[in-house]
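Welcome, and please load the structure in your viewer. We will take it one selection at a time.

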Amino acid sequence: MLTQLRQDHANMARMLHVLQLKQKSLAGGERPNFKLVREVVDYILDYMEEFTVPLERVCSERLQALAPETQELTERLSSDYQALRKRLSRLSGDIDMILMDAVIPMDRFAEDLKAYLDAHRTYLRDERELLFPLIRQHFNDRDLELLAQALPEGAAAKLERLQEAYPELYAELRETEEPAA
């Protein structure tokens, strides 16, 4: 289960890296492929809803039952996650406006995108450095099995579906080197 979580983190890091490349080109005055940015944002929003929400719920409930001292951390991670979703939803709305040729200040959009990327990377780091060790410490095999059952298919299977659903994004991911963690 922890191996799956690490792999999912690596896949999300690749998605964020693609967005970072687009953000840098935008900050440099170029106009990135906003349809591709839309695909990445849609994918991440779907992933958050399908994967992160159940993971967070099951982990938080079980960790708090096993180790009540983890409540502050799990509540902070939950709050950080909710803030991430709101940021990404705002960006999604801005992308819709851009794709409809509405006037959106590109410098503000680039700054908002960078702030989102920084926040998401911080969230992933906190999960990796703070949450995963607690799971390893407190969860037994049965807990890990329940966690696995609570989650839909993992990111590896989603990446396979990605090729069909988001062909341009999939092609970009294949061309993008995996960023260092």
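Among contacts in the chain between residues at least 6 apart in sequence, what percentage join residues at least 24 apart? In this predicted model, the figure is 81%.

**Whole chain.** Start with a cartoon view of everything. You will find seven helices and zero strands, so the order of elements from the N terminus reads α-α-α-α-α-α-α, with helices taken as DSSP runs. Switch on a surface next: the chain exposes about 9,600 Å², and carbon and sulfur atoms supply 48% of that area. Of its 181 residues, 44% count as buried.

**The core.** Now select L19, I44, F109, Y116 and I135. These residues have the most contacts inside the largest nonpolar core, a set of 43 residues. Colour by helix and look at who contributes: α1 (2-27), α2 (34-66), α3 (71-99) and α4 each supply at least two core residues. The largest share comes from α2, with 13 residues. As background, nonpolar side chains in soluble globular proteins tend to be buried together.

**Y116.** Stay in the core and centre on Y116. Leaving aside residues up to four places away in sequence, show its neighbours: Y116 touches L16, L19, I44, L84, R87, L88 and L91.

**Helix α3.** Two of those neighbours, L84 and L88, take us to α3, where both are buried. Others to select among the buried residues of α3 are L73, T74, L77, Y81, L91, S92, D94, I95 and I98. What lies over them? The cover for the buried residues of α3 includes α2 and α4. Draw a distance from the first C-alpha of α3 to its last: this 29-residue helix reaches 42 Å, close to the 42 Å expected at 1.5 Å a residue.

**D101.** Move on along the chain to the loop between α3 and α4, where D101 is found. Is D101 buried or exposed? D101 is exposed, because its relative accessible area is 67%, over the 50% cut-off. Check its backbone too: D101 has a positive phi of about 65° although it is not a glycine. For context, most residues other than glycine have a negative phi.

**Helix α4.** Finish with residues 106-138, which form α4. This helix has 33 residues and reaches 46 Å between its first and last C-alpha, close to the 48 Å expected at 1.5 Å a residue. Where does α4 bend? Select E127 and look along the helix: the bend there is about 35°.

Technical notes
Residues numbered from 1 in each chain as written. Predicted model: local features only at pLDDT ≥ 70, side-chain atom pairs only at ≥ 80, totals over all residues. Heavy atoms only, no water. Helix = DSSP H or I, 4+ residues; strand = E, 2+ residues; numbered from the N terminus. Expected span 1.5 Å × (residues − 1). Bend = angle between axes of the 7 residues up to and from the residue. Core = buried A, V, L, I, M, F, W, Y, C linked by side-chain atoms within 4.5 Å. Buried < 20%, exposed > 50% of the residue type's maximum accessible area, 1.4 Å probe, protein only. Contact = heavy atoms within 4.5 Å. Areas by Shrake-Rupley, 256 points an atom, 1.4 Å probe, with all protein chains shown as cover.
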